[in-house]
Every structure is written in structure tokens, then in C-alpha cells.
4 protein chains.
Amino acid sequence: MFKIIITPKFGDVDGLKHITNTILADWFETARNDIFKFFTPDFDLSYEKWKLIMARTTYDFVGQMYLGKNVEIRTFVLKIGNSSFTVGHEAYQDEELKVKGEAVCVHFDFIEQKSRPIPEDIREKLEEHMV
Amino acid sequence: MFKIIITPKFGDVDGLKHITNTILADWFETARNDIFKFFTPDFDLSYEKWKLIMARTTYDFVGQMYLGKNVEIRTFVLKIGNSSFTVGHEAYQDEELKVKGEAVCVHFDFIEQKSRPIPEDIREKLEEHMV
Amino acid sequence: MFKIIITPKFGDVDGLKHITNTILADWFETARNDIFKFFTPDFDLSYEKWKLIMARTTYDFVGQMYLGKNVEIRTFVLKIGNSSFTVGHEAYQDEELKVKGEAVCVHFDFIEQKSRPIPEDIREKLEEHMV
Amino acid sequence: MFKIIITPKFGDVDGLKHITNTILADWFETARNDIFKFFTPDFDLSYEKWKLIMARTTYDFVGQMYLGKNVEIRTFVLKIGNSSFTVGHEAYQDEELKVKGEAVCVHFDFIEQKSRPIPEDIREKLEEHMV
């Protein structure tokens with residue numbers, strides 16, 4: 001499991017004075033850096049080097065979060081298929097679970113525009129972070 | 001069904017030169033204005049007047065979108081429960097479906113911090129936009 | 001002068017229930033599509049084709065804007081130098097000026113990583129939109 | 001001077017594979033948390049408690065930033081007037097200055113919709129962070 005800390009900013013709050021739902025897309029994406037590194041350690045974004053495309057993301061809003069307190073994002077692997085895998089995310093504030101999410105990532109060849117099996121060495125790294 | 005047109009901006013594209021996945025959260029939220037109006041026609045964001053909280057959002061990325069062409073967002077109602085309902089969204093570019101999404105919205109009393117049954121007159125309006 | 005219409009979305013409002021200042025960066029960038037087209041009509045983002053880099057942006061917040069009403073963004077050219085030019089932006093709500101901004105754009109060669117003189121034919125197009 | 005560390009996320013990069021200019025608005029706002037605390041230590045966003053409105057922001061893009069390396073944001077006070085003050089921001093990557101910015105903040109009464117002199121005790125705190 002990976003953990004990152006997010007400090008909410010003023011504009012992350014909406015008119016209802018709680019953290020707005022759409023910003024979780026940004027926070028969970030920030031957390032996926034640790035997963036992206038398995039595939040492209042130097043974050044080279046050329047079609048030759050970048051190998052991941054998103055197929056699906058989901059966000060379950062369990063509780064409200066507020067400005068002024070850090071948020072912990074926990075990230076782990078839920079499922080590994082042939083060419084795709086599912087990342088799980090959880091956002092905690094005050095040590096309470098507030099948002100759960102999933103991201104289905106596909107190992108993808110941007111030049112050929114085709115999905116590709118996950119290489120064995122990366123699969124092993126993903127497995128280490130399964131829950 | 002509601003339709004809005006989004007013009008992608010330069011920064012909506014990521015390092016892979018396609019529309020980045022997280023911006024769909026913003027685009028579908030823009031499209032929900034038409035639904036929000038049923039509950040709070042004057043968009044008054046006070047706890048007395050605003051009556052919706054998000055419970056869940058999902059995004060299915062079916063195809064890639066690019067800069068330089070408008071995107072049509074179609075929005076409709078998929079399901080109506082006692083206090084919650086599910087909105088469906090579809091994003092089209094070049095008349096092809098590129099992203100599908102759902103948003104589970106709860107009729108919510110922010111003062112009491114409790115969900116409330118959807119009022120009958122609003123339920124009727126939602127029903128008119130069911131598919 | 002170019003005009004575009006922006007429909008504020010729920011999350012563009014911050015805890016003070018007015019449009020949050022940072023979103024103007026997005027709105028003015030959307031408005032620059034009309035300027036970007038002069039340089040790269042097909043919005044091809046390859047280093048061979050894209051020719052603009054931002055040197056400076058400014059935002060003057062003259063009045064507050066709110067959810068529920070469209071915003072008109074007016075865009076024009078303020079100054080043209082040898083390799084750079086300054087775009088002006090104004091945001092209106094209820095026909096009142098709410099935000100003014102400037103963007104200094106540089107004609108830039110991303111392969112050589114150097115600024116380049118603005119080509120004569122593009123200079124003429126920019127001049128047509130000077131105020 | 002205040003320092004925070006930002007980890008760029010995948011979507012912060014644009015089609016030119018560098019950090020996109022508009023995200024600096026978010027990063028500098030995150031850095032202003034330390035300033036906001038002087039005025040509203042508990043981040044209470046009610047009109048009774050929140051006392052700051054933005055009058056102007058500027059961003060000077062000195063160098064390009066990339067994905068995969070943290071960014072340090074340094075924040076300090078440049079000028080203190082009667083009811084307004086100017087915050088300075090600098091973004092560093094690889095220990096090189098990449099973006100400079102300013103934010104003119106006004107001490108503001110949201111109920112009366114009027115600017116107010118900066119209280120003496122807060123002025124002293126701001127002065128401690130002047131450069």
C-alpha cells in the first residue's frame with residue numbers, strides 16, 4: 001500500500017463549504033504516481049515510453065471533508081488481469097474513510113493503439129501491493 | 001435529455017496529447033446544471049436552499065478525445081429512488097461516444113445532515129428526462 | 001475582438017459562494033483558442049507544429065461573479081513585439097466587467113528551445129484584433 | 001518565508017509535455033494556506049470569519065517544469081498597505097526558479113462588502129515574513 005498526504009487548498013471547497021467531489025479525480029491521480037513509476041520510472045511521456053491508459057474510474061463519497069486538515073490517500077492494487085489492472089484508492093481525514101475509488105488502468109501501446117499484456121516483472125510489483 | 005457543448009481548452013490535454021481523464025469530472029458537473037435547476041432554480045448555495053449531495057460518480061473511457069473539436073455532453077436520468085437518483089452522462093466527439101458516466105445524487109438536508117425523500121414535483125421533472 | 005460564453009459549474013464556486021479566482025486561468029485559456037488557431041489551425045500539439053509558450057499571465061479581480069449566470073469572455077490583442085505579443089481578456093457577468101487579464105505569449109520553437117520572430121502573415125491577423 | 005512541496009500529477013502536464021501554466025494558480029493558492037491561517041486559524045469559511053478576497057494575481061513563467069520531480073513553493077510578503085498586502089511566490093524545480101508570482105490580498109468584510117484595515121496583530125505576523 002502506498003500513502004500520500006494532500007493538503008486541501010482554498011479552492012477545493014465548494015459553495016457548501018466541504019471539499020468538492022470533482023477534486024478527488026486529481027487527488028487519486030496524484031496517488032497513482034507510485035503505480036505509474038512501475039511502468040515508466042522516468043515519467044517519460046513519449047508514446048514509446050508511456051504505457052498506461054485509463055479505462056474506468058469510480059468515486060464513492062462516504063463522508064464529507066473540510067478545509068484545514070490534511071487528507072491521507074491510500075493506494076493499492078485490487079485486481080490484475082491480462083492487460084489491465086484495478087487500482088484502489090481511499091481518502092481519509094481525521095482518520096475516517098471519506099472517499100473510496102477505483103481506477104482501471106490498461107497496459108497500452110500508444111503507437112499501435114492496442115492493449116498489451118502486462119510484463120511479468122511489472123506484474124510482480126503490482127502483486128506486492130495487492131490487498 | 002439535455003445537451004451542452006464543451007470546447008476543450010489547451011490544458012485539458014495531457015502529455016499523451018489526448019483529453020485527460022480527470023477533466024470529465026468537470027464537464028459532467030457542468031452538464032448537471034440542468035438537473036440542479038430542478039432543485040434550486042436560483043442556484044442559491046445556502047444550506048437552506050441547496051438540496052443535493054453526490055454519493056458516487058463513475059467514468060467509462062470508451063475512446064480518446066482530442067483538442068480542436070467540440071464535445072457534446074448528453075445528460076439524462078437513469079434511475080429514481082426514494083431519496084436518491086442516478087444521472088447518466090455521455091460525451092461525444094465527431095459524433096462518436098467517447099466517455100460514459102453516472103452520478104448518484106442524494107436529496108439532502110445540509111442543516112440536519114440527513115437525506116430526504118425527493119419531492120413529488122421534482123420527481124416528475126426527473127421522470128421526464130428518464131431514458 | 002473574440003467573444004466566448006462560459007457557463008459556470010457548481011465547483012467553480014468556493015466557500016465564499018462566489019466564483020473562485022483560480023478558475024479564471026482556465027476560462028481565459030479557453031478564450032485563447034481563437035488566438036492559438038492563428039499559429040496552429042489544426043491544434044497539432046507536436047513540437048514541430050505548436051509554436052506558443054506563455055511568458056506571463058495576470059488577473060485583476062474587479063468584481064465578484066456567481067453561479068447561475070453565463071459569463072462572457074472578450075479577448076483581443078494589446079501589444080505585438082518581435083517574438084512576443086500580449087493578449088487581453090475581460091470577463092463580464094450581468095454586462096459588468098468582473099475580471100481583466102493579460103497573457104504574454106511567445107512565438108517559440110520547442111525543438112530548438114528558442115523564441116522566434118512572429119511570421120508576417122500571423123502578425124497581420126493579430127493586428128486585426130488589436131484594440 | 002514559507003515552503004511547501006508539491007508533487008506534480010500526470011494531468012498537470014499539457015500536450016507540450018511540460019507543466020501547464022494554469023496549474024500554478026492552484027499551487028500558489030495551496031501555498032497561501034500559511035497566510036490564510038493568520039486571518040482565520042480554523043479555516044472557517046463563514047462570512048463572519050473569513051476575511052480575505054483576492055484583488056490581483058500574476059504569474060511569470062521563467063523556465064519549464066516537468067513531471068517526475070517535486071516542486072518547492074516559497075511564499076513571503078512583499079508589501080503591506082492599509083487594507084491590502086502583496087504575497088510573493090516562487091516555484092523551484094531542480095533548485096532552479098521556474099515561476100514567480102504575486103497575489104494582492106484585501107482584508108475584506110464579506111457581510112458589509114467593504115475592505116477593512118489589516119488588524120495590528122496580523123500586520124505584525126505578515127511583517128515577520130517580509131523579504
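Which residues is L24(C) in contact with, leaving aside its neighbours within four places in sequence? They are Y59(C), A91(C), V99(C) and G101(C), where contact means that the C-beta atoms of two residues, placed from the backbone, lie within 7 Å.

This is a predicted model, in which local features need pLDDT of at least 70 and side-chain atom pairs count only at pLDDT 80 or more, while totals for chains, interfaces and linings use all residues. Residues are numbered from 1 along each chain as its sequence is written, and chains are lettered from A and ligands numbered from 1 in the order in which they are written.

L24(C) also belongs to the largest nonpolar core, which has 65 residues. With W27(C), L24(D) and W27(D), L24(C) is among those with the most contacts inside that core. A nonpolar core is a set of buried Ala, Val, Leu, Ile, Met, Phe, Trp, Tyr and Cys residues joined through C-beta atoms within 7 Å. Buried means that 20 or more other C-beta atoms lie within 10 Å of the residue's own, again placed from the backbone. Another core, of 64 residues, lies apart from the largest one and includes I23(A), F28(A), I53(B) and F43(C).

Two interfaces follow, with their sides split by class. Ala, Val, Leu, Ile, Met, Phe, Trp, Tyr, Cys and Pro count as nonpolar, Asp, Glu, Lys and Arg as charged, and the others, Gly among them, as polar.

| Side | Nonpolar | Polar | Charged |
|---|---|---|---|
| Chain A, touching chain D | 6 residues | 5 residues | 5 residues |
| Chain D, touching chain B | 3 residues | 4 residues | 2 residues |

Between chains A and D, 16 residues of chain A are in contact with 16 residues of chain D. On the chain A side, α1 (23-31) and α2 (33-39) each supply at least two residues, and α1(A) gives the most, with 3 residues. Helices here are DSSP runs of H or I, at least four residues long, numbered from the N terminus.

Chain A is superposed on chain D by a rotation of 180 degrees with 0.0 Å of shift along its axis (RMSD 0.0 Å). That is the relation of a two-fold axis. Superposition is by least squares on the C-alpha atoms of residues with pLDDT of at least 70 in both copies. Within chain A, I6(A) comes closest to the rotation axis, at 4.7 Å (C-alpha).

The contact between chains D and B takes 9 residues from each of them. A turn of 180 degrees and a shift of 0.0 Å along the axis lay chain D on chain B with an RMSD of 0.0 Å.

Conventions: Buried ≥ 20, exposed ≤ 12 C-beta atoms within 10 Å, placed from the backbone.
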